[in-house]
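Reader: I'd like to learn how to read empty spaces and domain contacts in a protein model. Could you take me through one?

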Amino acid sequence: MFDLLIQDVLWQGQRVDVAITGDIFAAIEPAGTLAHCSAKRRIEGRHFLLRPPFYNTHTHHAMTLLRGAGEDLPLMAWLNERIWPREARLTADAVAAGTRLAIVESLHTGCVAFNDMYFHQPAILAAAQEMGVRACVGLMFMDQVSDHIENEATLALREGLPKTLALSLAPHALYTTTPEQLQEIAHLSDTLGLPIHVHAAETQTECHIAQTRFNAPSPIAYLDRCGVLKPGTILAHCCHLSEEDLATMAARGVVVAHCPQSNQKLGSGVFPWVKAREAGIPVTIGTDGAASNNSLSMIAEVKAAALSAKLGAPSPESVTLSEVDAAATRLAAQALGFTNAGEIAPGRDADCLLVDLRLPAFAAGNNPDADFIYAADSACVDTVICAGRIVMEGKVVPGEAEILAKARAAATILREE
Ligand SMILES: [Zn+2]
């Protein structure tokens with residue numbers, strides 16, 4: 001008996017039946033083929049498009065509580081004047097409330113995983129586990145900040161984590177860490193077997209700091225000198241890359257978390273998508289935190305990634321929709337260590353979305369996958385399944401009203417002077 005049977009759903013231009021057993025896709029067959037099979041739960045898929053969900057590779061999820069707190073400021077002023085003073089008042093309960101809010105928003109946009117760099121990490125892991133989504137949560141390293149960082153407690157949880165949760169080592173950035181710290185993190189990555197997640201080459205200011213404080217030609221060259229560019233290291237932003245940087249990144253096997261909307265909104269710079277692909281560097285997509293984006297919509301982020309890549313490319317054929325879509329699905333799942341997720345096929349992890357085709361954006365029906373990215377918005381995501389569990393259904397996340405109420409209360413406390 002199957003645990004879940006989705007009947008007569010549109011997938012890659014065909015109508016199919018999809019069976020899930022436990023956390024795995026058990027079968028995908030032409031529509032009607034599995035109708036006679038017994039299943040604990042059936043979903044009528046006639047009005048839905050089936051597709052892989054998104055995996056967000058750069059987040060600070062609890063910053064949903066700081067959304068709108070500092071508009072139209074450059075990165076350093078934004079951090080120093082608006083964000084860090086509020087973060088000084090953070091508690092584990094606030095992080096839990098903000099993370100749950102971000103997970104609600106992520107599910108509505110069809111995203112089942114996040115790669116987080118934030119404080120009070122056990123609260124982040126607990127929120128993700130409770131709501132049934134995947135997360136990679138970083139042990140944080142920031143020079144002169146120790147409050148709110150719970151690395152030892154987080155590491156102690158490692159053995160008991162379900163396979164939907166993972167840990168990383170997350171030095172914040174080169175301007176908030178010392179060379180000694182970065183070298184120690186590179187060493188820890190080897191001894192603990194944990195990947196690294198770091199902001200890199202985000203702004204011109206960061207490039208200037210690499211040159212003046214560390215006597216390095218670029219942020220990438222400096223991070224490489226410290227040993228943190230390893231196979232699988234996730235570099236967030238990467239707006240300022242030389243030809244040498246691209247060659248170094250390809251040689252080390254790092255992955256980019258491209259954050260197009262944050263980069264545009266903060267005026268940080270432009271990630272060179274086509275050059276990175278030509279260098280052989282895997283590219284994934286992240287929203288960044290809600291205080292700098294300010295949306296967590298992965299649909300909007302993927303569209304922004306496609307548009308900004310096409311804008312700088314020689315022709316619209318240089319960057320295809322399927323390439324950009326893969327960056328937010330299959331490649332992103334792999335980058336976060338969920339190597340059996342990100343694709344819909346028998347034997348793969350049962351992560352998927354049911355998209356509501358009754359909405360205006362899908363009426364013509366010429367290319368539903370393109371309609372999803374280019375024409376629709378998060379309102380089209382009806383049902384989200386993560387590791388075989390239905391985590392949103394009928395556009396409702398369980399406990400949503402209470403999650404929003406707690407987030408409002410937590411944001412009010414952080415706002416008080
Ligand atoms: Zn960030």
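**Cavities and domains**

Author: Let's start with a lining: the residues around the largest cavity divide into 13 nonpolar, six polar and three charged. Here Ala, Val, Leu, Ile, Met, Phe, Trp, Tyr, Cys and Pro count as nonpolar, Asp, Glu, Lys and Arg as charged, and the others, Gly among them, as polar. Keep in mind that this is a predicted model, where local features need pLDDT of at least 70, side-chain atom pairs count only at pLDDT 80 or more, and totals for chains, interfaces and linings use all residues. Residues are numbered from 1 along each chain as its sequence is written, and side-chain values use heavy atoms, leaving out hydrogens and water.

Reader: How many cavities of 30 Å³ or more are there?

Author: Rolling a probe the size of a water molecule over the atoms shows where empty space is left. A cavity is a set of points, on a 1 Å grid over the protein atoms alone, where a 1.4 Å probe fits but cannot get out; lining residues have an atom within 4 Å of a point. The count here is two. The largest has a volume of about 200 Å³, a volume being the space filled by probe spheres set on the points, which are joined across faces, edges and corners.

Reader: Which residues lie nearest the centre of the largest cavity?

Author: Those are His60, Met63, Leu79, His172 and His199, out of 22 lining residues. Helix α1 (residues 75-87) gives the largest share of that lining, six residues. Helices (H or I, at least four residues) and strands (E, at least two) are DSSP runs, numbered from the N terminus.

Reader: And what lines the second largest cavity?

Author: That one holds about 30 Å³ of space, and its lining includes His61, Cys111 and Phe114. The largest share, four residues, comes from β7. Its lining divides into six nonpolar, two polar and no charged residues.

Reader: What about the domains: what area is buried between domain 1 and domain 2?

Author: The size of an interface is often given as the accessible area lost when the parts come together. The domain assignment (automatic or from a database) gives domain 1 (2-52 + 349-395) and domain 2 (54-335). About 1900 Å² is buried between them, with carbon and sulfur atoms giving 60%; this is the area accessible to a 1.4 Å probe that the two parts lose on being put together, summed over both.

Reader: How many salt bridges are there between domain 1 and domain 2?

Author: Four, each being a side-chain nitrogen of Lys or Arg within 4 Å of a carboxyl oxygen of Asp or Glu.

Technical notes
1 Å grid on protein atoms, 1.4 Å probe; cavity = no way out; pocket = protein on both sides within 12 Å on 5 of 7 lines; lining within 4 Å.
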